[in-house]
Amino acid sequence: MKNIFSGIQPTGDLHLGNYFGAVKNWVQLQDEYECTYCVVDYHSMTMPYKADQLRENIWKMVFYLLACGVKPENLFVQSMVPEHVELSWVLGGVASYGELNRMTQFKDKTKQLLEKDKDGFVSSGLFIYPVLQAADILMYHTDYVPVGKDQEQHLELSRNIAQRFNYQFGKEYFVHPEPLFTETPKILSTADPNKKMGKSLGEKHYINLFGDDERIRKQVRSAVTDTGDTPAGEMSPGIENLFTLLRATGRTDAHDALMAEYKAGTLKYSALKEEVAEALVALVGPFREKLAELNADKRKVKSMIQDSSAEVRKRAQQTMREVRELTGLPNLK
Ligand code: AMP
Ligand code: TRP
């Protein structure tokens with residue numbers, strides 16, 4: 001059976017980009033594969049943050065993922081398996097400075113930090129972030145990693161690291177992981193469809209799955225449809241994004257009918273927006289109900305995740321025993 005692994009940062013909210021780009025796939029793949037999913041809290045320590053906020057956000061993300069349909073036995077919290085850090089140290093020895101320096105996420109986040117404050121603090125953790133991600137993935141001999149398009153470069157790095165490690169230590173030990181994309185691997189911001197939907201740009205640039213219905217409707221209704229720079233005869237990125245969202249909700253009939261209207265030149269953008277808004281509200285309803293159920297017994301949920309993290313840790317410890325053997329480090333008895 002093939003192994004699936006993926007992770008998400010505990011950033012406080014789960015947005016439509018996360019869901020349609022990755023989490024929807026996480027849930028579906030559980031029926032067919034051995035799946036391991038992770039709230040990557042160590043990764044969230046690479047940008048400026050407050051401890052109390054992180055503490056809260058880790059569990060918030062756990063609850064959101066479970067509400068979306070991730071099975072508790074498949075989910076764990078990264079820092080409860082500290083072997084991730086140990087493996088990332090070992091892999092740091094086979095990842096080059098040059099390749100890390102080429103990572104676009106590092107460049108983007110550095111730029112963001114320095115735009116906010118020209119003397120801003122860029123942590124060394126942010127620089128080695130992709131090595132920790134490679135450790136997450138390689139630890140569990142992962143074949144496929146369901147992620148959004150923005151993670152393609154990090155996946156390529158993980159493969160290079162695996163290959164270099166295997167060559168240096170003379171054994172085909174680590175699997176070369178491949179990304180797995182959904183049909184909608186890049187959702188754009190409705191407020192600025194030239195950018196991807198994400199939290200780093202601010203609140204209006206992402207639609208929160210667990211926010212309220214009125215806010216979803218409002219954000220979709222005010223979606224930018226014409227950015228003024230689309231060549232004649234081409235669909236503007238804003239319109240395309242609305243169609244993408246509609247397709248992602250599974251309303252193919254409505255999608256196809258509205259697309260036909262678009263092609264005939266009769267489409268009213270307000271009708272498209274209304275359809276998208278209602279489709280999204282209908283999608284998130286059951287997730288909210290599930291979240292309320294989970295919230296009714298928080299202790300039980302937390303305890304399940306502590307148990308699953310302990311189970312996952314056994315697998316990580318097995319990998320680390322083998323890695324220590326291969327790399328020349330001694331093991332405890
Ligand atoms: P993050 O919130 O950055 O930890 O991302 C979690 C997952 O969501 C990753 O697999 C990302 O690739 C995916 N993702 C984030 N933003 C988007 C987006 N706008 N479109 C598609 N996938 C996304
Ligand atoms: N870097 C990923 C992101 O920003 C999160 C992540 C960390 C991840 N470790 C991972 C994704 C391992 C997949 C596999 O979205």
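## Aromatic pairs, helix H6 and two voids

Phe20 is buried, at 0% relative accessibility. The model described here is predicted. Tyr19 is buried as well, with a relative accessible area of 8%; both values fall under the 20% limit used for burial.

**Aromatic contacts.** A pair of aromatic rings is described by the distance of the centres and the angle of the planes. The structure holds 13 aromatic pairs. One of them joins Tyr19 and Phe20, with 5.4 Å from centre to centre and 65° between the planes. This pair is edge-to-face because its angle of 65° is over the 60-degree limit for that class. Elsewhere, Phe165, Phe169, Tyr173 and Phe174 are linked by ring pairs into a cluster.

**Helix H6.** This helix runs over residues 124-139. Of its 16 residues, 13 are buried, so H6 is largely enclosed by the rest of the structure. A kink of about 40° is centred on Pro130. What span should the 16 residues of H6 have at 1.5 Å a residue, and how far apart are its end C-alpha atoms? The expected span is 22 Å, and the end C-alpha atoms are 22 Å apart, so the two values agree. Just after H6, His141 adopts a positive phi of about 50°.

**The voids beside H6.** H6 contributes to the lining of the largest cavity and to that of the second largest pocket. The table sets out the two spaces.

| Space | Volume | Largest share of lining | Lining make-up |
|---|---|---|---|
| Largest cavity | about 30 Å³ | H6, three residues | four nonpolar, two polar, no charged |
| Second largest pocket | about 330 Å³ | H6, five residues | 10 nonpolar, six polar, no charged |

With a threshold of 30 Å³ or more, the count is one cavity. Its lining consists of Gln105, Phe106, Leu126, Tyr129, Pro130 and His154. Pro130 is thus both a lining residue of the cavity and the centre of the kink in H6. Helix H5 (104-116), like H6, supplies at least two of the lining residues.

Which residues lie nearest the centre of the second largest pocket? They are Val85, Ser88, Trp89, Ile128 and Leu132, out of 16 lining residues. Besides H6, helix H3 (83-92) and helix H4 (97-101) each provide at least two residues of this lining. No charged residue occurs in the lining of the pocket, and none occurs in that of the cavity.

Technical notes:
Residues numbered from 1 in each chain as written. Chains lettered and ligands numbered in written order. Predicted model: local features only at pLDDT ≥ 70, side-chain atom pairs only at ≥ 80, totals over all residues. Heavy atoms only, no water. 1 Å grid on protein atoms, 1.4 Å probe; cavity = no way out; pocket = protein on both sides within 12 Å on 5 of 7 lines; lining within 4 Å. Points joined across faces, edges and corners; volume = space filled by probe spheres on them. Nonpolar A, V, L, I, M, F, W, Y, C, P; charged D, E, K, R; others polar. Phe/Tyr/Trp six-rings, centres within 6.5 Å; stacked < 30°, edge-to-face > 60°. Buried < 20%, exposed > 50% of the residue type's maximum accessible area, 1.4 Å probe, protein only. Expected span 1.5 Å × (residues − 1). Bend = angle between axes of the 7 residues up to and from the residue.
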